[in-house]
Amino acid sequence: QVQLVESGGGTVQAGGSLRLSCAASGNIYIMYNMGWYRQPPGKQRELVAIATRGPITNYADSVKGRFTISRDNAKNTVSLQMNSLKPEDTAVYYCNVDVVNQGRNRASYWGQGTQVTVSS
């Protein structure tokens, strides 16, 4: 099993910044993609940003130029720096990792979610 611990959510005014962090631990042999998703109130979960092992990064159009994803392969951590936040960024943010375990089995894991609220 793989455990994910997220931190860094909260409430901020529009234009402000927040940094989310996610630490993975447990049965990890190789960490492939690490990413962040979000689920706004009443909407489906959507991709925010993803970083491959390379890392190659990819962002949702709505956050390009404002959010930056980074990962530390040695520590199995991934972070999301969110700047110039807007009320429409309000959502529960979830960390997601794509892992091969010691038994060479591949699986995807989700964090518990952290609330980000941006007030206007």
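**Exercise 1.** In this predicted model, find the loop that holds Arg 104 and decide whether Arg 104 is buried, partly exposed or exposed.

*Solution.*
Step 1: Look between strand S9 (91-100) and strand S10 (106-110); Arg 104 sits in the loop there.
Step 2: Check the backbone. Arg 104 is not a glycine, yet its phi is positive, about 70°. Most residues other than glycine have a negative phi.
Step 3: Take the relative accessible area of Arg 104, which is 49%. Exposed requires over 50% and buried under 20%, so Arg 104 is partly exposed.

**Exercise 2.** Now try Asn 76: what is its phi, and is the residue buried or exposed?

*Solution.*
Step 1: Go to the loop between strand S7 (67-72) and strand S8 (77-82), where Asn 76 is placed.
Step 2: Read the phi of Asn 76: about 55°, a positive value although this residue is not a glycine.
Step 3: The relative accessibility of Asn 76 is 18%, so Asn 76 counts as buried.

**Exercise 3.** Work out which peptide bond leading into Pro 55 is cis, and where Pro 55 lies.

*Solution.*
Step 1: Find Pro 55 in the loop between strand S5 (46-51) and strand S6 (57-59).
Step 2: Follow the bond from Gly 54 to Pro 55; its omega is near 0°, and the bond is cis.

**Exercise 4.** Describe the surroundings of Thr 114.

*Solution.*
Step 1: Locate Thr 114 in strand S11 (residues 114-119).
Step 2: With a relative accessible area of 11%, Thr 114 is buried.
Step 3: Leaving aside residues up to four places away in sequence, Thr 114 touches several residues, including Glu 6, Leu 20 and Tyr 93.
Step 4: Look at Gly 9: its backbone nitrogen is reached by the side chain of Thr 114 at 3.3 Å.

Technical notes:
Residues are numbered from 1 along each chain as its sequence is written. This is a predicted model: local features need pLDDT of at least 70, side-chain atom pairs count only at pLDDT 80 or more; totals for chains, interfaces and linings use all residues. Side-chain values use heavy atoms; hydrogens and water are left out. Helices (H or I, at least four residues) and strands (E, at least two) are DSSP runs, numbered from the N terminus. Buried means under 20% relative accessible area, exposed over 50%, partly exposed in between (1.4 Å probe, protein chains only). A polar contact is a pair of N or O atoms within 3.5 Å; within protein, one must be able to donate a hydrogen and the other to accept it, and residues adjacent in sequence count only if both atoms are side-chain atoms. Contact means heavy atoms within 4.5 Å.
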